[in-house]
Amino acid sequence: MDSSSLQKDLILRLIHGLNGHHEKTWTTNNVNWLRDLLPSDIPNARIFSWGYDANTHSTSQISGQYLYDHARTLVSDLCLKRRLTKALIHSEAARRGALEEHRSIKLSTYGILFMGTPHQGGSGVHLGELMLKVASIFVTADDKILKHLERDSEWLQQQLGQYAPISNDFVTKFAYEMFPTRIALGKAIMVVPQASAVVPGAMNAEPVAIPADHLNMVKFASRQNGGYEKVSGHLQLLAEEAPEAIGARWEEQDRIRKAQANVKEDFTVPFSLSGIPETDIFVGRKEELAKIKEAFQGDGSQRTAVLLHGLGGTGKTQLAVTFVKEHRDAYSAIFWLNGKNEDTLKQSFAVMANRLYKEHPSSALLRTAAEAKDVDQIVVIIRQWLSAKENHRWMLVFDNIDNPKLPGNKDPQAYDVRLYFPEAYQGSILITTRSSRLKIGKVVSVRKLVDIRESIAILTSTSGRVNLDRGIHIVVLVQGFYN
């Protein structure tokens, strides 16, 4: 039974059992109580009987579907017409981003009335044998489904385990037969006794005794039938309570969705210099720092790339470190990638993936990256994360790109660093290289120090001595390095 805030009428959906029929199951003496009796008791209900191939003993056509397959089919059909029962476990498994409409079935379901359903398997008799005896026939049977319904069935235990956590979301009625069902040779047996019909531990549940055997507990010829009085009474109570309860659920769902729509995904990662070759001795380079800052004036919504070029030992890496330290608050995340060769670059992406997942453990995408064994797959996923629409305030630092793949470079270890840029044209990229031929973005040349005062400052820092700039011999010594 379900209801939604979009419609005031109720929907009752009924599902027959194995070897049943969407009309014959509910009919006796030409009276189909779903059509002939119930509408006058619940006038605002729309009643649907769902039929499926439940024939387990036909010699001409046998259903090859398992119960789970039937449940999935039911969910699909209900999405076309609207919502109900056993498929609720499958419905609960559907998550946002996959089949959201399937999840709405569970959200709109208020109550469930199970009629003689063997939740814990049948009686001690093999159900295939039992059903043959009940039908008083003996034909070849496909017992795929019947095996699921045996007592202590592993599949049934799994279903019970999945249903228990969501059982409190519904008002549940467990109807069971009061009388044994006659089988061959004058014997009688309780096909689904109370112990099997009632799910143990189910919350918000109530057992309902039906004064009939298993074959007749869903066949009512008149309103005076004791079984019909009970079933109709319980359904009427559910019908009275459902609209308000389901309406409140949808209102809450709308509030959650609106709140989620106003909350943007968090792409921030705390700044860290872990693994970065940092030195405390850095002076000067004010002109280069100013050029880098000027180049990175945008907000990252349009990609900006700056390439620091210079000979080895000129301080390119330390210049990059100094820049990111001074401007770290301008970026949501800064990642340092060692590009000495392609393998070290890929390993940097793997370290990056673990760091990201640690900061954002709820992200399924980042979890996939962190758990991936293939570094190439990790690179693809991280590039995808960096390409997210709202994620553009990051900075990637590609350090030591000294062997770029360029025309004329026949070194098999050379590679194209641009293949590791995110596909989305956004974010900030800073590159250090010794190659004068690599041209990416704005090029800032990093030359040897030309200001004597900066050299003396370095000497002062490394020696621990003060006032070195006052000694003429020190100035002469430093000048010698520039000549």
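Q: Over what range do the angles between helix axes run?
A: Axes are lines fitted to C-alpha atoms, for helices over the stretch in contact. This is a predicted model, in which local features need pLDDT of at least 70 and side-chain atom pairs count only at pLDDT 80 or more, while totals for chains, interfaces and linings use all residues. Residues are numbered from 1 along each chain as its sequence is written, and side-chain values use heavy atoms, with hydrogens and water left out. Taken between N-to-C directions, the angles run from 0 to 180 degrees.

Q: Are α13 and α14 oblique or roughly antiparallel to each other?
A: Helix α13 and helix α14 (residues 364–371), both DSSP runs (H or I, at least four residues, numbered from the N terminus), have axes that come within 8 Å and cross at roughly 140°. An angle counts as roughly parallel under 35 degrees, roughly antiparallel over 145, roughly perpendicular from 65 to 115, and otherwise oblique. The crossing angle therefore makes α13, relative to α14, oblique.

Q: How many residues of the contact of α13 with α14 are nonpolar?
A: Contact means heavy atoms within 4.5 Å, and here Ala 353, Asn 354, Leu 356 and Tyr 357 of α13 meet Leu 366, Arg 367, Ala 369 and Ala 370 of α14. Nonpolar covers Ala, Val, Leu, Ile, Met, Phe, Trp, Tyr, Cys and Pro, charged covers Asp, Glu, Lys and Arg, and the others, Gly among them, are polar. The contact of α13 with α14 thus has one polar residue, one charged residue and, as nonpolar residues, six.

Q: Are α13 and α15 oblique or roughly perpendicular to each other?
A: Helix α13 (residues 342–359) packs with helix α15 (residues 375–386) at an angle of about 55°, and their axes lie 9 Å apart. The orientation of α13 and α15 to each other is therefore oblique.

Q: How many residues of the contact of α13 with α15 are nonpolar?
A: From α13, the contact takes in Lys 346, Gln 347, Phe 349, Ala 350, Met 352, Ala 353 and Leu 356. From α15 it takes in Val 375, Asp 376, Ile 378, Val 379, Ile 382, Trp 385 and Leu 386. Two residues of this contact are charged and one is polar, while the nonpolar residues number 11.

Q: Are α14 and α15 oblique or roughly antiparallel to each other?
A: The axes of α14 and α15 are 9 Å apart, and the two helices pack at an angle of about 155°. The orientation of α14 and α15 is therefore roughly antiparallel.

Q: How many residues of the contact of α14 with α15 are polar?
A: Leu 365, Leu 366, Thr 368 and Ala 369 of α14 meet Gln 377, Ile 378, Ile 381, Ile 382, Gln 384 and Trp 385 of α15. This contact of α14 with α15 holds seven nonpolar residues and no charged ones, and its polar residues number three.
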